[in-house]
Amino acid sequence: MKLQNSPIQKIIFRDKTFFIKRDDLLDINFSGNKARKLYFFLKNDFPNIKKVISYGSNQSNAMYSISLLAKIKGWEFIYFVNHIPSYLKENPIGNYKYALLNGMKITEDKEKVEKLKENSLSFPKDTLFIPEGGHFREAEEGIKLLANEINSWAEENSIDNLKIFLPSGRGTTALYLQKHSNFLIYTTPCVGDNNYLKKEFFELEEKKYHPIILKPLKKYHFGKLYKEFFNIWKELKRETDIEFDLLYDPLGWITLLKYYQELKEKNSTILYIHQGGVLGNESMVNRYLYKYQL
Ligand SMILES: *Cc1c(COP(=O)(O)O)cnc(C)c1O
């Protein structure tokens, strides 16, 4: 598994040119920003660790990637969620299904999730705790490699006016990218609002490393279904032949297009980072088809 040097591809979308960093193609199994975040654990040996604990949503991309890491390392993987709907238990799909196939042990336990969120628990020496979405300092090493790959690409192609855009969840990827990039990073919050994202940045790094936040023009709730999200996702697939993720990328593209003229000032080159997550589309597409009776 090389987990390095994902390709960069030029596309045209709505008559505009973008470059796409295809981190979804990093590796057949291990892709996207979760692979970057877990790189440190994948690359190094941890002879004392026997168990990994995490928590989050029952269709999380991080959950799936951790299940893969645990399988490769021979660790036990225990994952806590608030709730698993009975239809999902009966018909496993998407990240949930594949994480279970990798041996994940999943437990519904609201109280435990609350405690893990507060980060107030301590763990025995043989246990690795990974906060929701991989928002932790260990993520820096892999994301630094991503920044270096982009720095080298820009240099080789004599691009000095590059602007990099990616949608954020907890903001870990955008933050460490900005810390190690030669260029400005632009992002938009998909999970909370601007203040939530700033708070997440401050949890890990001081202000000088913070990316520029572009405020979405409308308020959206994370994980909810919006027809304009599904439409732009389909349009992207049709026009560029690339499958993007359905949770973050639709809002990412809608926001990037809104601010396009501003970013294009001085004829900048725009690079969009595809952060993977396509495995999760299986369940999202089903939800969209059902909701809109398509
Ligand atoms: C996890 C994830 C994000 C958000 O990453 P953060 O580092 O938390 O901002 C964005 N896109 C995809 C596809 C993801 O899996």
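The dialogue below goes through some of the terms used for this structure and the values behind them.

Biologist: What kind of model is this, and how are its residues and side chains treated?

Modeller: This is a predicted model, in which local features need pLDDT of at least 70 and side-chain atom pairs count only at pLDDT 80 or more, while totals for chains, interfaces and linings use all residues. Residues are numbered from 1 along each chain as its sequence is written, and side-chain values use heavy atoms, with hydrogens and water left out.

Biologist: Why is Leu184 called partly exposed?

Modeller: Buried means under 20% relative accessible area and exposed means over 50%, with partly exposed in between (1.4 Å probe, protein chains only). Leu184 has a relative accessibility of 41%, and therefore counts as partly exposed. Leu184 belongs to strand E8, residues 184–189, where strands (E, at least two residues) and helices (H or I, at least four) are DSSP runs numbered from the N terminus.

Biologist: Which residues is Leu184 in contact with, leaving aside its neighbours within four places in sequence?

Modeller: Contact means heavy atoms within 4.5 Å, and with those neighbours left aside Leu184 is in contact with Leu162, Lys163, Ile164, Gln178 and Ile212.

Biologist: What makes the pair of Phe222 and Tyr248 tilted?

Modeller: Rings of Phe, Tyr and Trp (its six-membered ring) pair if their centres lie within 6.5 Å, and planes under 30 degrees apart count as stacked, over 60 as edge-to-face and the rest as tilted. The structure holds 23 aromatic pairs. In the pair of Phe222 and Tyr248 the centres are 5.2 Å apart and the planes meet at 50 degrees, which is tilted. This pair links distant parts of the chain, with Phe222 in the loop between strand E9 and helix H9 and Tyr248 in the loop between H9 and helix H10, 26 residues apart.

Biologist: Why are Tyr288 and Tyr292 called stacked?

Modeller: Their ring centres are 6.2 Å apart and their planes are at 15 degrees, so the pair is stacked. Tyr288 is buried, because its relative accessible area is 0%, whereas Tyr292, at 23%, is partly exposed.

Biologist: How do you know that Lys16 lies over the face of Tyr260?

Modeller: A charge sits over a ring if NZ of Lys or CZ of Arg is within 6 Å of the ring centre and within 35 degrees of the ring normal. Lys16 is at 5.4 Å from the ring centre of Tyr260, and the charged end of Lys179 sits over the ring of Tyr209, 5.2 Å from its centre. Tyr260 is also one of the members of an aromatic cluster that includes Phe13, Phe18 and Trp253.

Biologist: What makes a set of residues a nonpolar core?

Modeller: A nonpolar core is a set of buried Ala, Val, Leu, Ile, Met, Phe, Trp, Tyr and Cys residues joined through side-chain atoms within 4.5 Å. The largest such core has 53 residues, and among those touching the most other members are Phe30, Trp75, Phe77 and Leu162. Apart from it lies another core, of 32 residues, with Phe13, Leu225, Phe229 and Leu263 among them.

Biologist: What makes the approach of Thr173 to the ligand a polar contact?

Modeller: A polar contact is a pair of N or O atoms within 3.5 Å; within protein, one must be able to donate a hydrogen and the other to accept it, and residues adjacent in sequence count only if both atoms are side-chain atoms. A polar side-chain atom of Thr173 lies 2.6 Å from a ligand oxygen atom, and a polar side-chain atom of Lys37 lies 2.8 Å from an oxygen atom of the ligand.
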